Amino acid sequence: MSVTIKSEREIALMREAGRILSEVHTALGEALEPGMTTLDIDRLGEKLIRGYGCIPSFKNYNGYPASICVSVNDEVVHGIPNKHHVIREGDIVSLDAGVIYQGYHSDAARTHAIGRVSPEAEQLIRVTRECFFEGIRYAKAGNYLNDISSAIQAYAEKFGYGVVCDLVGHGIGSHMHEDPEVPNFARRRKGIRLAAGMTLAVEPMINIGRPDVVWMDDDWTVKTDDGSLSAHYENTILITDGEPEILSLR
């Protein structure tokens, strides 16, 4: 495993990538409304990203055909935008997006309620976001990677939720996916010791029901096995000697 420590120049570029991605997410969240198709969301997202002079990280990445992953209700991640998939009042929609700014990546995800949603859906969205912040309380130099992972799992399970174990967060920098893997669940080993200058994409993926997931025939879209709702919240963070810096949150 080779975990890179970013230079001040690299951090500055990733900070700008994160700022731009935060603006993109804000604009997408404000634009979401019933009647849009998931393809409408993708086209708007790509236009926004390129309007900032950036490249969409996901477009054609390992063959992924879009710029924004749009995952609805029981879709956990990697939903492929489609002109026939209309979002409706009461849906929850997860948007996962990445940008490349001068060769450096930022990656972030948000789950949005479309109009009035059930109390159960509202709580899932809120708790998934809180899982991220519970995890990064331990994202400090000198702590271990597993400290983040354990905190995320413990918080989600207090609500009886299933923590997805088939997908994990990751290191990030000049490549979208770098070492180390960042699980949202505890492992037996402590993992690496965190050091200032590491950049990580921490991304809880939480199901109302069981943690099990299945891949669809498109080889991308991941759904909950039991058909329950799922939410996703992610930011790119910088490990420092003190509190972590969230690079992709406005």
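Buried means under 20% relative accessible area, exposed means over 50%, and partly exposed lies in between, with a 1.4 Å probe and protein chains only. This is a predicted model, in which local features need pLDDT of at least 70 and side-chain atom pairs count only at pLDDT 80 or more, while totals for chains, interfaces and linings use all residues. Residues are numbered from 1 along each chain as its sequence is written, and side-chain values use heavy atoms, with hydrogens and water left out.

**Whole chain**

Begin with the protein chain in cartoon view. It has four helices and 15 strands; helices (H or I, at least four residues) and strands (E, at least two) are DSSP runs, numbered from the N terminus. The C-alpha trace spans about 45 × 40 × 30 Å along its principal axes. The radius of gyration is 17 Å, which agrees with the value near 18 Å for a compact globule of 250 residues; it is taken over C-alpha atoms, and the globule rule is 2.2 Å times the number of residues to the power 0.38. Of the 250 residues, 52% count as buried. Among contacts (heavy atoms within 4.5 Å) with a separation of 6 or more, 70% are between residues 24 or more positions apart.

**Helix 3 and its aromatic cluster**

Select residues 119–136, which make up helix 3. The helix has 18 residues and reaches 26 Å from its first C-alpha to its last, close to the 26 Å expected at 1.5 Å a residue; the expected span is 1.5 Å times one less than the number of residues. Its buried residues include Leu124, Thr128, Cys131 and Phe132. An α-helix has 3.6 residues a turn, so residues three or four places apart point the same way.

Now show the side chains of Phe132, Phe133 and Tyr233, which form one aromatic cluster. Rings of Phe, Tyr and Trp (its six-membered ring) pair if their centres lie within 6.5 Å; planes under 30 degrees apart count as stacked, over 60 as edge-to-face and the rest as tilted. By this rule the count comes to six aromatic pairs. The rings of Phe132 and Tyr233 have centres 5.4 Å apart and planes at 65°, so this pair is edge-to-face. Phe132 is in helix 3, whereas Tyr233 is in the loop between strand 13 (230–232) and strand 14 (235–238), 101 residues apart. Phe132 is buried at a relative accessible area of 0%, and Tyr233 is buried at 5%.

The second pair is Phe133 with Tyr233: the centres are 6.2 Å apart and the planes stand at 40°, so it is tilted. This pair ties together parts that are 100 residues apart in sequence. Phe133 is partly exposed, at 26% relative accessibility.

**Strands 4 and 5**

Next select residues 92–101, strand 4, which ten bridges join to strand 5 in an antiparallel arrangement. Two strands pair if DSSP finds at least two bridges between them. To find the register, look for Ala97, which stands opposite Ala108 in strand 5. Nine of the ten residues of strand 5 (104–113) are buried, so this strand is largely enclosed by the rest of the structure.

The hairpin has two residues between the strands, and Gln102 takes a positive phi near 50° there. Gln102 is exposed, with a relative accessible area of 54%.

**Sheet 3-12-11**

Move to the open sheet of three strands, with order 3-12-11 and antiparallel pairing. Strand 3 (75–77) and strand 11 (213–215) stand at the edges, each with a single partner strand, so one side of each is left without a neighbour in the sheet. Strand 3 pairs with strand 12 (residues 222–224) over two bridges, and Val77 stands opposite Val222.

**Strands 7 and 8**

Select residues 169–171 and 178–182: three bridges join these strands, 7 and 8, which run antiparallel. A hairpin connects them through six residues. Gly171 stands opposite Glu178. Within strand 8, stop at Pro180. A cis peptide bond joins Asp179 and Pro180, with omega about 0°.

**Last stop: Asn62**

Select Asn62, in the loop between strand 1 (55–56) and strand 2 (68–72). Its phi is near 50°, a positive value in a residue other than glycine. Most residues other than glycine have a negative phi, and most peptide bonds are trans. Asn62 is exposed, at 64% relative accessibility.
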